[in-house]
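Hi everyone, thanks for coming. I'd like to walk you through one model today, so let me put it up on the screen.

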4 protein chains.
Amino acid sequence: MNLLFIGDIVGKPGRKAVEELLPQVRKSYAVDFVIANAENAAGGNGLTRDIAHELLGRGIDVLTMGNHTWDKREILDFIDSEPKLLRPANYPVGTPGRGSAIFTLPNGKHLAVANYCGRIFMNPLECPFQHVGRLIESLRGKADYLFIDFHAEATSEKIAFGWHVNGRATAVVGTHTHVQTADERILPAGTAYISDVGMTGPRDGVLGVKKELVLNKFITQLPVRFETATGPIQMNAVLITLGLQGKAEKIERINIIKEV
Amino acid sequence: MNLLFIGDIVGKPGRKAVEELLPQVRKSYAVDFVIANAENAAGGNGLTRDIAHELLGRGIDVLTMGNHTWDKREILDFIDSEPKLLRPANYPVGTPGRGSAIFTLPNGKHLAVANYCGRIFMNPLECPFQHVGRLIESLRGKADYLFIDFHAEATSEKIAFGWHVNGRATAVVGTHTHVQTADERILPAGTAYISDVGMTGPRDGVLGVKKELVLNKFITQLPVRFETATGPIQMNAVLITLGLQGKAEKIERINIIKEV
Amino acid sequence: MNLLFIGDIVGKPGRKAVEELLPQVRKSYAVDFVIANAENAAGGNGLTRDIAHELLGRGIDVLTMGNHTWDKREILDFIDSEPKLLRPANYPVGTPGRGSAIFTLPNGKHLAVANYCGRIFMNPLECPFQHVGRLIESLRGKADYLFIDFHAEATSEKIAFGWHVNGRATAVVGTHTHVQTADERILPAGTAYISDVGMTGPRDGVLGVKKELVLNKFITQLPVRFETATGPIQMNAVLITLGLQGKAEKIERINIIKEV
Amino acid sequence: MNLLFIGDIVGKPGRKAVEELLPQVRKSYAVDFVIANAENAAGGNGLTRDIAHELLGRGIDVLTMGNHTWDKREILDFIDSEPKLLRPANYPVGTPGRGSAIFTLPNGKHLAVANYCGRIFMNPLECPFQHVGRLIESLRGKADYLFIDFHAEATSEKIAFGWHVNGRATAVVGTHTHVQTADERILPAGTAYISDVGMTGPRDGVLGVKKELVLNKFITQLPVRFETATGPIQMNAVLITLGLQGKAEKIERINIIKEV
Ligand SMILES: [Fe+2]
Ligand SMILES: [Fe+2]
Ligand SMILES: [Fe+2]
Ligand SMILES: [Fe+2]
Ligand SMILES: [Fe+2]
Ligand SMILES: [Fe+2]
Ligand SMILES: [Fe+2]
Ligand SMILES: [Fe+2]
């Protein structure tokens with residue numbers, strides 16, 4: 001079984017990348033199941049119902065989110081009724097939506113998917129290290145594999161989280177920095193790990209935003225209204241091959257660029 | 001001319017990686033000049049005179065630093081008299097040491113090297129975007145190439161900085177996160193760019209620190225005394241091939257792992 | 001000469017407090033000159049032209065700002081033509097508006113007023129400690145008194161700034177936390193100091209915002225649209241009596257509450 | 001019943017202030033029970049066994065802590081066996097020590113004391129808003145009064161916390177900024193509140209530290225070894241008069257300065 005995880009889809013260019021590149025990726029890599037981070041899918045921030053449906057209709061099986069989950073308020077209207085949409089599990093008890101769910105793979109095995117946010121340089125949520133311990137307990141006997149999107153800023157927290165679930169999760173892939181890292185590996189006890197999968201969207205901006213606007217902000221320190229960049233698009237993803245006993249067999253980085 | 005830049009050298013394992021791997025890398029890649037980030041070279045934090053000499057004696061031509069520059073206080077005793085050692089240029093006017101310098105390459109050309117710190121999630125220094133503009137002005141007619149180690153946390157600031165000097169610097173390589181990124185490229189106007197070169201040191205820790213200690217800190221929130229990790233070592237570096245008119249021709253990631 | 005400084009005016013309730021309480025305060029305290037922080041005067045964030053005129057028309061002589069200076073974009077249209085409006089002086093060179101100016105007091109003496117932002121837990125601006133040294137130099141022979149609104153979060157930075165200009169400025173009053181502190185004093189070399197003057201606006205909210213909304217945000221970690229609180233209003237201010245040779249003679253806290 | 005709460009005791013000067021000023025304060029204010037924040041009591045950071053005993057021997061009944069709880073590692077050796085010592089209750093489950101306890105007042109009534117840390121600009125702990133709700137539940141029928149030391153940086157979080165337990169706690173006093181605020185009041189439902197009680201220690205430093213050292217750090221951005229300031233000492237405290245049905249009747253600020 002080959003799992004594809006697509007890094008943060010940013011705005012229209014990101015959705016276009018999914019539309020134009022995902023079909024070929026599915027084929028070339030013999031993909032069986034697709035997860036994608038959609039926290040920036042709507043205009044760069046948040047997710048609307050229409051865009052969630054668009055992405056789920058284009059061959060993505062599960063959507064994960066991050067610190068931008070709530071940027072479009074309408075998500076509160078549909079997050080509870082969309083079982084294929086996950087938000088970080090370490091939001092306070094009682095938060096709308098769910099942080100993990102179990103899905104059935106084409107081979108009949110059960111794949112748990114969970115989404116977490118880090119806390120270093122980010123909002124104060126529940127401890128993801130402690131929360132994931134409880135999650136893993138609760139999944140016993142219910143899921144064959146556990147895939148985690150760990151949405152965080154600091155490399156220390158991401159790597160530590162990888163070690164924390166080494167041998168207990170099938171894969172931990174980082175998101176949020178929008179830059180793909182080159183440290184993908186299978187940790188000694190069988191967990192696939194990468195610090196950040198990267199971004200799916202416009203290649204020549206700054207994290208998906210028009211570079212002139214971001215530069216202007218850094219230089220002047222004045223507030224700037226951000227717009228999604230244009231130009232060539234990229235899809236950043238990883239392919240994870242599932243192995244025996246809940247372990248990962250392989251992790252491979254994918255980075256496809258397309259001129260537009 | 002081939003320039004090698006080595007990512008943050010961490011402690012004894014990092015120095016061992018330099019000792020054991022640099023000679024072969026120099027040969028295989030036909031390296032002409034070596035720059036390395038040494039902010040963590042002494043026991044994981046800072047730099048001592050002895051370790052500076054050790055590194056400069058092993059074939060490194062210039063040492064750059066970062067937010068850990070001053071962790072070993074003795075650096076204040078020798079930073080002013082060590083012309084091959086740079087600290088971030090955007091420290092306040094009057095700070096000991098220098099932030100940039102011009103070196104002569106084997107082919108007689110002049111290479112300016114500069115070191116900057118970012119400000120997002122970091123200490124409040126002078127604006128690196130404005131400072132580098134003045135630096136570039138001042139280098140006119142004095143240097144053929146400009147190489148910049150941009151030591152920063154946030155990918156937005158790093159990428160924006162790359163675009164900021166696109167066509168005005170030969171290369172901008174990020175450091176500080178200790179994780180190599182896979183976004184190396186030549187920007188449209190000829191500047192080699194990578195968000196982070198990564199780390200040279202123990203592979204199986206967390207940014208070079210024993211993983212058990214870091215995990216303990218994240219889980220308990222109690223202070224923990226950090227120790228450098230042991231086990232396999234890695235060298236993370238990039239090779240930059242200089243081109244015409246101050247531009248870069250090529251940038252290539254290097255990641256060598258050695259069991260010990 | 002008695003100088004009145006009014007702490008952050010928040011929204012309509014804050015402007016109402018100015019309208020209803022300032023006339024009586026002017027009389028009771030024999031006020032000669034009024035400065036007020038207006039960074040939250042327009043709906044809780046920023047300043048519009050109309051509200052600037054309203055406040056200047058109600059007996060305020062100078063308006064200072066802070067990190068919310070640019071929240072209402074229209075300020076860019078009038079900040080350059082409004083000599084009685086100051087924004088933090090340590091924004092980058094080239095920022096619209098001015099960070100300090102000299103005003104003539106009723107007794108013919110010249111009062112320099114300056115506005116600065118701190119950097120701890122705030123945006124990365126120029127070093128206020130270094131900037132104010134240059135400002136003080138430049139004011140020699142031009143101003144008899146120097147009043148500074150130091151807009152900052154951390155008490156350490158505020159107190160250190162007070163000591164930094166002790167004997168060189170007439171007064172340093174902190175703003176930004178919206179809570180009046182009880183540490184007003186004349187520092188040994190004659191500088192009046194208080195860590196925070198407090199807020200002028202609704203008393204029973206959280207920094208001027210409806211308490212239910214803020215509580216909701218802290219508890220749920222979901223984004224919440226803030227609204228200015230209603231109910232009793234307060235005016236927080238300090239009265240500074242100017243002395244000889246640019247020193248302050250007295251600093252007195254003012255806190256008036258009015259049921260509405 | 002009169003409760004005295006003493007703001008962060010800093011180093012030797014702070015302990016001297018307790019020794020020299022507490023006896024007279026007890027008498028003048030008819031104090032029945034004394035709580036003090038001791039997170040900086042040992043050399044400016046942390047608490048040793050000897051100093052805990054010294055403070056408890058000088059008429060303090062309960063010690064609370066904060067983000068500096070663990071700065072002196074020996075606290076781990078005695079925190080579990082010292083029932084009069086509290087650390088923030090929202091550290092992870094399993095943290096040594098306790099976050100709240102019930103004490104018997106001279107009149108036989110039971111006083112619960114709790115210590116919390118805020119999370120804005122601080123470490124990522126459990127949500128204090130949610131934690132305190134559970135604590136209040138658990139105290140039903142066991143305690144007549146609930147006193148809370150809320151150790152936090154941001155005024156928004158402190159004020160929101162006060163409103164959160166308005167009518168459910170007897171008093172919420174803020175600590176951590178080392179500057180006494182002038183916003184003490186009885187909230188509408190009977191909870192005594194002040195954003196910060198202030199500091200007990202050397203008056204002419206920066207939060208208790210020698211001002212030259214702090215200034216040097218702000219200006220040079222180089223690391224500086226901090227030392228406790230000398231000169232006049234101050235005791236910052238509040239007196240809370242307990243009322244009926246778990247409410248507070250009165251809150252009064254105390255600020256005593258003594259030349260040495
Ligand atoms: Fe994102
Ligand atoms: Fe994100
Ligand atoms: Fe480093
Ligand atoms: Fe660093
Ligand atoms: Fe404000
Ligand atoms: Fe502010
Ligand atoms: Fe403290
Ligand atoms: Fe503290």
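Before we look at any metal, one working rule: four donors count as tetrahedral if all angles lie between 85 and 135 degrees, four count as square planar if opposite donors are over 155 degrees apart and all others between 65 and 115, and anything else is irregular. Please also keep in mind that what you see is a predicted model.

Let's begin in chain D. Which residues coordinate the iron ion (ligand 8)? They are Glu39(D) through OE, Asn67(D) through OD1, His151(D) through NE2 and His176(D) through ND1, at 2.1 to 2.2 Å. Now apply the rule: the four donor atoms subtend angles of 83 to 150° around the iron ion (ligand 8), so the arrangement is irregular. For comparison, ideal angles for four tetrahedral donors are 109.5 degrees. If you like motifs, the donors of this iron ion (ligand 8) are spaced E-x27-N-x83-H-x24-H along the chain.

There is a second iron to mention. Glu39(D) forms a bridge between the iron ion (ligand 8) and the iron ion (ligand 7), and these two ions are 3.5 Å apart. Glu39(D) sits in the loop between strand 2 (33–37) and helix 2 (49–57) of chain D, while His151(D) belongs to strand 6 (residues 145–151), so the pair ties together parts that are 112 residues apart in sequence. Buried or exposed, you may ask, for Glu39(D) and His151(D)? Both are buried.

Over to chain A, where we can bring in a record. An unreviewed UniProt entry lists Asp8(A), Glu39(A), Asn40(A) and His178(A) under "binding site". They are spread over 171 residues of sequence, yet they cluster in space, with a largest C-alpha distance of 11.4 Å.

Take two of them in turn. Glu39(A) is in the loop between strand 2 (33–37) and helix 2 (49–57) of chain A, and it is buried, with a relative accessible area of 1%. Its contacts beyond four places in sequence include Asp8(A), Asn67(A), His151(A), His176(A) and His178(A). His178(A) lies in the loop between strand 7 (171–175) and strand 8 (185–186) of chain A, and is buried too, at 10% relative accessible area. Among the contacts of His178(A) are Asp8(A), Glu39(A) and Asn40(A).

Last, the symmetry. A turn of 180° with a shift of 0.0 Å along the axis lays chain B on chain A, with an RMSD of 0.0 Å. The two copies are thus related as by a two-fold rotation axis. In chain B, the residue closest to that axis is Thr181(B), at 1.9 Å (C-alpha).

Note on methods:
Residues are numbered from 1 along each chain as its sequence is written. Chains are lettered from A and ligands numbered from 1 in the order in which they are written. This is a predicted model: local features need pLDDT of at least 70, side-chain atom pairs count only at pLDDT 80 or more; totals for chains, interfaces and linings use all residues. Side-chain values use heavy atoms; hydrogens and water are left out. Donors are N, O and S atoms within 2.8 Å of the metal (3.2 Å for Na, K and Ca); water is not among the atoms, so sites may look incomplete. Four donors count as tetrahedral if all angles lie between 85 and 135 degrees; four count as square planar and six as octahedral if opposite donors are over 155 degrees apart and all others between 65 and 115; anything else is irregular. Helices (H or I, at least four residues) and strands (E, at least two) are DSSP runs, numbered from the N terminus. Buried means under 20% relative accessible area, exposed over 50%, partly exposed in between (1.4 Å probe, protein chains only). UniProt positions are given in the numbering used here, feature names are shortened, and annotations may be inferred rather than shown by experiment. Contact means heavy atoms within 4.5 Å. Copies are superposed by least squares on the C-alpha atoms of residues with pLDDT of at least 70 in both.
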